[in-house]
Structures are given as structure tokens and as C-alpha cells.
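Here are my notes on the model you sent round. Have it open while you read, and go through the points in order.

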Amino acid sequence: MESVVVEHIYLLVIVTIISVFQNAFFAQKVERAGKTNNSSAFERVSCANRNCMDSYTTFLAVMWCAGLCLRQAPAAFAGIVYLVVRQKYFIGYMGQTSQSTPGYLFGKRVLFFLMLMCIVGVFNYLLMHFFGSDYKEYVETIANAASALLLIP
């Protein structure tokens, strides 16, 4: 039984571990910027780190919910895309704040996709539980196809 459970979440675990390493990288950047005498660079790096941490809990919640309620592969793929976008946002914010806007907007789109996956997964469960209609196979096909659309800028 335990191997069946792990089989359904290992991609989500991998993305979560990668996100923890990314947070450590961001913290290291803040620490290095704090040791320099350039206060404006420290402010930008610190603000970018805070902004990333503000959305981190939302990201983890919707990624895990989407992966458990619907399908882990598109949720994990969207999670990897989100981490790449968050890296782009962080690096852009360290330069000029206007360079971070595309990363911010794209990150919102990925979070919206994951939230939709959560809602659809829960709605399908309710349909199956109360009405006996299971549309999970159709919804999984749509989620797999829609996850590729995340790559379109």
C-alpha cells in the first residue's frame, strides 16, 4: 500500500525539494547582499526574496492539491514552470524592478492553472461521490494537454 501512495506523489515531492533548494539560493543571495555596503542592492534582493516567499505557500498548496485531486504529472510540470518563472522574477528584480514584471505575470498564470486543476479535481470528486458520474479520465486528458499551453508566453 505504501508504494502505491509514493507512486502517486513522487513528482510533487521532487518539485517541492527543488523549491526548497531555490529558497536556499534566494536566502544566500540576501545574505551576500547584506554583507556589501550597497544598501539599494540589498533592498532589491531582500524585497524580491520577500515577494517570492509571500507566494510560496500558495504555490505549494495549489500544486499539492492539484497533484493529489487530479493528476500529479501536469501539476509537477506546472510546478517546474513556476520555479523557472520565479527564478526569472528574482533575477529580474535584482536588476531593475520593471524587468521582473513578465516573470510575475507568468507566475500568476501558472498559479491560476494549478488552482483550476484543484477546483476541477474537487468538483469531479463531488460528482462521482454524489451522482456516480466520473469524468476524471476526460479531465486528466484536458489537464495534460492544457499544461503544455503554459509554455506559451
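1. Let's start with α2 and α4, which run roughly parallel to each other. This is a predicted model, and in it helix α2 (residues 10-35) packs on α4 at an angle of about 10°, the axes being 9 Å apart. Anything under 35 degrees counts as roughly parallel, so the label fits that angle.

2. Who touches whom there? On the α2 side you'll find Tyr10, Leu11, Leu12, Val15 and Ile18 among the contacting residues, along with Phe25, Phe26 and Lys29. The α4 side includes Gln72, Ala73, Ile80, Leu83, Arg86 and Phe90. Sorted by class, this α2 and α4 contact has 13 nonpolar, six polar and two charged residues.

3. Now turn to the pairing of α4 with α5. The axes of α4 (residues 72-95) and α5 (residues 101-131) come within 8 Å and cross at roughly 160°. That makes α4 roughly antiparallel to α5, and the crossing is left-handed.

4. From α4, this second contact draws on residues including Pro74, Ala78, Val81, Tyr82, Val85 and Tyr89. Among their partners in α5 are Pro102, Tyr104, Phe106, Val110, Leu114 and Met117. The tally for α4 with α5 is 15 nonpolar, two polar and one charged.

5. α5 deserves a closer look. With 31 residues at 1.5 Å each, α5 should span 45 Å, and its end C-alpha atoms sit 44 Å apart, which agrees. The buried residues of α5 include Phe106, Val110, Leu114 and Met117, and these four also meet α4. Cys118, Gly121, Asn124 and Leu127 are buried in α5 as well. Right after the helix comes Gly132, with a positive phi near 75°.

6. One polar residue to check is Asn49: is it buried or exposed? It sits in helix α3 (residues 39-69). Its relative accessibility is 16%, and the cut-off for buried is under 20%, so Asn49 counts as buried. Leaving aside residues up to four places away in sequence, Asn49 touches Phe26, Ala27, Val30 and Phe90. Phe26 and Phe90 also turn up in the contact of α2 with α4.

7. Finally, the chain as a whole. It has six helices and zero strands. The C-alpha trace spans about 65 × 35 × 20 Å along its principal axes, and buried residues make up 37% of the 153 in the chain. Of the contacts between residues at least 6 apart in sequence, 77% join residues at least 24 apart.

Conventions: Residues numbered from 1 in each chain as written. Predicted model: local features only at pLDDT ≥ 70, side-chain atom pairs only at ≥ 80, totals over all residues. Heavy atoms only, no water. Helix = DSSP H or I, 4+ residues; strand = E, 2+ residues; numbered from the N terminus. Buried < 20%, exposed > 50% of the residue type's maximum accessible area, 1.4 Å probe, protein only. Contact = heavy atoms within 4.5 Å. Axes fitted to C-alpha atoms, helices over the stretch in contact; angles between N-to-C directions. Parallel < 35°, antiparallel > 145°, perpendicular 65-115°, else oblique. Left-handed = near helix turned anticlockwise from the far one by under 90°. Nonpolar A, V, L, I, M, F, W, Y, C, P; charged D, E, K, R; others polar. Expected span 1.5 Å × (residues − 1).
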